[in-house]
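Dear colleague,

Please find below the structure that I am handing over to you. My notes on what was found in it follow directly after.

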Amino acid sequence: MSPERLLRIGTGYHAVLAATLILIPSDLFAALGMDAPRYWIFVYGAGAAAAVAAVLLDRARRRPDERPGLLVAVQGGELAAMVVVLGSVVWEELPRLLLGPGFAAGLWAWLLWNLSAEPPQEPA
């Protein structure tokens with residue numbers, strides 16, 4: 001798979017995640033069978049972080065010269081998200097369904113690590 005295609009998929013994934021957390025958080029919690037959170041700022045903060053990741057991945061796709069730095073920034077955010085989500089699910093005894101996004105964050109960090117290891121290709 002080409003790096004541009006993987007970055008496009010990552011941009012779409014993070015944009016959908018951000019839109020879900022920002023636009024319809026009540027429906028998300030209802031679908032998960034959870035009570036609404038007491039502090040909504042954390043939900044909107046997670047949505048904003050996903051939106052920033054989508055913007056950074058799109059910029060990395062469009063500008064190969066800036067790609068290594070942008071990917072390291074997104075990788076750091078993905079690893080932090082993985083630790084927070086997995087730790088919260090285990091510590092607070094949240095529904096085990098929420099382990100999926102935590103593992104997905106770790107998977108994205110790994111995929112972007114493999115992508116950042118490749119040198120940028122010169123146009124032919």
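**A buried arginine and its partners**

Arg67 is buried, because its relative accessible area is 9% and the limit for that class is under 20%. Please keep in mind that this is a predicted model. Arg67 belongs to helix α4. Once neighbours within four places in sequence are set aside, the residues in contact with Arg67 are Pro3, Glu4, Leu7, Ala60 and Arg61.

One of these contacts deserves a closer look. Glu4 and Arg67 form a salt bridge, in which the closest N and O atoms are 3.2 Å apart. Glu4 is in helix α1 and Arg67 in helix α4, so this salt bridge ties together parts that are 63 residues apart in sequence. Glu4 has a relative accessibility of 33% and therefore counts as partly exposed.

**The other salt bridges**

In general, side chains of opposite charge can pair when their charged atoms come close. The count of salt bridges in this structure comes to five. Among them is the pair of Arg62 and Asp58, with the closest N and O atoms 3.0 Å apart. Both Arg62 and Asp58 lie in helix α3, where they are four residues apart, about one turn of the helix. Arg62 is exposed, as its relative accessible area is 58%.

Another salt bridge joins Glu66 to Arg63, and here the closest N and O atoms are 3.3 Å apart. Glu66 is partly exposed at a relative accessible area of 26%, and Arg63 is also partly exposed, with 39% relative accessibility. In addition, salt bridges with shared partners join Asp58, Arg61 and Arg62 into one network.

**The nonpolar cores**

Which residues make up the largest nonpolar core? It has 11 residues in all: Leu6, Leu7, Ala53, Leu57, Ala60, Leu70, Leu71, Val74, Trp108, Leu112 and Leu115. Helices α1, α3, α4 (67-92) and α5 (99-116) each supply at least two residues of this core.

Leu71 is a useful residue to select in the viewer. With neighbours within four places in sequence left aside, Leu71 is in contact with Leu7, Leu57, Ala60, Leu112, Leu115 and Ser116. Apart from the largest core lies another core of eight residues, which include Leu21, Phe29, Leu98 and Leu99.

Leu21 also appears in a distance that you may wish to check. Leu21 and Ala51 are 30 residues apart in sequence, while their C-alpha atoms are 9.9 Å apart in space. Ala51 lies in helix α3 and is partly exposed, with a relative accessible area of 28%.

**The aromatic rings**

A pair of aromatic rings is described by the distance of the centres and the angle of the planes. How many aromatic pairs does a search of the whole structure find? The search finds three aromatic pairs.

In one pair, the ring centres of Phe29 and Trp40 are 5.8 Å apart and the planes are at 80°; the pair is edge-to-face because an angle over 60 degrees counts as such. This pair links distant parts of the chain, 11 residues apart: Phe29 is in helix α2 (residues 25-32), and Trp40 is in the loop between α2 and α3 (41-62). Phe29 is buried, with a relative accessible area of 12%, whereas Trp40 is partly exposed at 27% relative accessibility.

Trp40 has a second ring partner, Tyr44. The centres of the Trp40 and Tyr44 rings are 6.2 Å apart and their planes are at 35°, so this pair is tilted. Tyr44 is partly exposed, with a relative accessible area of 36%. Through such ring pairs, Phe29, Trp40 and Tyr44 are linked into a cluster.

**A nonpolar patch on the surface**

Tyr44 also takes part in a nonpolar surface patch of about 380 Å², made together with Ile22, Leu23 and Ile24. Leu23 lies in helix α1 (residues 3-23). Is Leu23 buried or exposed? Its relative accessibility is 66%, so Leu23 counts as exposed.

For a start in the viewer, I suggest displaying Arg67 with Glu4, its salt-bridge partner, and then turning to the cluster of Phe29, Trp40 and Tyr44.

With kind regards

Note on methods. Residues numbered from 1 in each chain as written. Predicted model: local features only at pLDDT ≥ 70, side-chain atom pairs only at ≥ 80, totals over all residues. Heavy atoms only, no water. Phe/Tyr/Trp six-rings, centres within 6.5 Å; stacked < 30°, edge-to-face > 60°. Buried < 20%, exposed > 50% of the residue type's maximum accessible area, 1.4 Å probe, protein only. Patch = residues over 30% accessible without salt bridge, like charges linked within 9 Å, V, L, I, M, F, W, Y side chains within 5 Å. Areas by Shrake-Rupley, 256 points an atom, 1.4 Å probe, with all protein chains shown as cover. Salt bridge = Lys/Arg side-chain N within 4 Å of Asp/Glu carboxyl O. Core = buried A, V, L, I, M, F, W, Y, C linked by side-chain atoms within 4.5 Å. Contact = heavy atoms within 4.5 Å.
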